[in-house]
Amino acid sequence: MHVPDGFLDASTSLATGAIAVGAVGLCLKRAEREIAETGPALAGLTAAFVFGGQMVNFPVGAGTSGHLIGAALAAALVGPWTAVICITVVLLVQALLFADGGLTALGTNITLMAVVGVSVGYLVMRAVLRVLRRREGAVVPAAAIGALAGVPASAVAFTALYAAGGAVAVPIGTLAGAMIGWHLVIGIGEAVITGAVLAAVLASRPDLVYLARISAPPEPGLERPAARPGRNVLVAGGLVTLVVAGVVSLAASASPDGLEFVSEALGFGESAQASATAGSPLADYGVAGVPDAALAAGLAGVIGVVLTLLAGVGTSLLASRNRADAAPADEFVASGR
């Protein structure tokens, strides 16, 4: 769902840019406690995995594909405040180095995928946990349902933005139906991936899953213990991420994703403008000077993972310094625990 430059007018893009700056700034202040529990390395690894996952488009039918957004997955793993930071880091790396998503549309993409995706996904997770009364085994279905809800919610948000400042006039009802319909289907894939990844982590280190920790809170007055990933966890997670980005991505569907498919079908796809970073040596997930397309794509995935990991760790370290202003991580929702 990477929005390119040109889909939205300047005023709408400026507005979403302001929303993104404000939201990310707030999250940088609020994420300290979440990061303190598991350390910046897990946040960086989560961002890197999302980057790799987004390289793998899966077919959803009728010549359309989808890919992991990862907002709900990140929120379940590292908490909602940190998740917004992780998704933002991914989008920054993609836009600046890989020409994936426009630069003037960067605020729009952060708003849609990081802010809306994380907020809706996390709030739905919490609601499901409340309904299930935090029973053992509730974390995976809660996260999967949150992931399923977050994808069409982002599609609804895009439709609202397009109604406010779309470049080409299209019937908004038709746009809404197409965006929501396709992204509901893509959301099923998002839910499956989210549930599978969380189930794998829960099987080995349930203490590293934020959603599992808050589903079994400590006694009143006690802090949740720190749950730092060991070297083995980081190495294993890093290797899996590299394989996803460098190898599995080579089998990704070449069909357009949901937004691209809808834009072409409704006639506003031609309003897309090339990114200002289209001349990057890593543009379009290739590597300049490497003639073999598969090798270039695999190398680009590996490079992207490493850069996203470093950027994620660095940004998390920056956020972890906001100790004085940090609010409890659970205050993302007003109802608390």
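This passage describes the pockets, the cysteines and the surroundings of one threonine in a predicted model.

The largest pocket of the predicted model encloses about 960 Å³ of space. Its lining is made up of 36 residues, and those closest to the centre of the pocket are Ala99, Asp100, Glu260, Asp284 and Tyr285. Among the contributors to this lining, helix H11, which spans residues 258-266, gives the most, with four residues. When the lining of the largest pocket is divided by residue class, 16 residues are nonpolar, 14 are polar and six are charged.

The second largest pocket holds about 380 Å³ of space and is lined by 16 residues, with Leu45, Val197, Val201, Val233 and Gly237 lying nearest its centre. At least two lining residues are supplied by each of three helices, namely H3 (40-54), H8 (172-204) and H10 (231-246), and of the contributors to this lining H10 gives the most, with five residues. The lining of the second largest pocket comprises eleven nonpolar residues, four polar residues and one charged residue.

Thr277 is placed in the loop that runs between H11 and helix H12 (293-319). With a relative accessible area of 13%, Thr277 falls under the 20% limit and therefore counts as buried. Leaving aside residues up to four places away in sequence, Thr277 is in contact with Ala95, Leu96, Ala99, Leu103 and Ala283; one of these, Ala99, is also listed among the residues closest to the centre of the largest pocket. The side chain of Thr277 has a polar atom that lies 2.8 Å from the backbone oxygen of Ala95. In the case of Leu103, 174 residues separate it from Thr277 along the chain, whereas the C-alpha atoms of the two residues are 8.0 Å apart.

A disulfide is a covalent bond between the sulfur atoms of two cysteines. The count of disulfides in the model is zero, as assessed with a cut-off of 2.5 Å between cysteine sulfur atoms. For Cys27, the closest cysteine sulfur is that of Cys86, and because the separation is 10 Å, the two atoms are too far apart for a bond. The same pairing is found from the side of Cys86, whose closest cysteine sulfur belongs to Cys27, at 10 Å. Both cysteines are nevertheless buried, Cys27 at 4% relative accessibility and Cys86 at 3%.

Conventions:
Residues numbered from 1 in each chain as written. Predicted model: local features only at pLDDT ≥ 70, side-chain atom pairs only at ≥ 80, totals over all residues. Heavy atoms only, no water. 1 Å grid on protein atoms, 1.4 Å probe; cavity = no way out; pocket = protein on both sides within 12 Å on 5 of 7 lines; lining within 4 Å. Points joined across faces, edges and corners; volume = space filled by probe spheres on them. Nonpolar A, V, L, I, M, F, W, Y, C, P; charged D, E, K, R; others polar. Buried < 20%, exposed > 50% of the residue type's maximum accessible area, 1.4 Å probe, protein only. Contact = heavy atoms within 4.5 Å. Polar contact = N/O pair within 3.5 Å; in protein donor to acceptor, adjacent residues only side chain to side chain.
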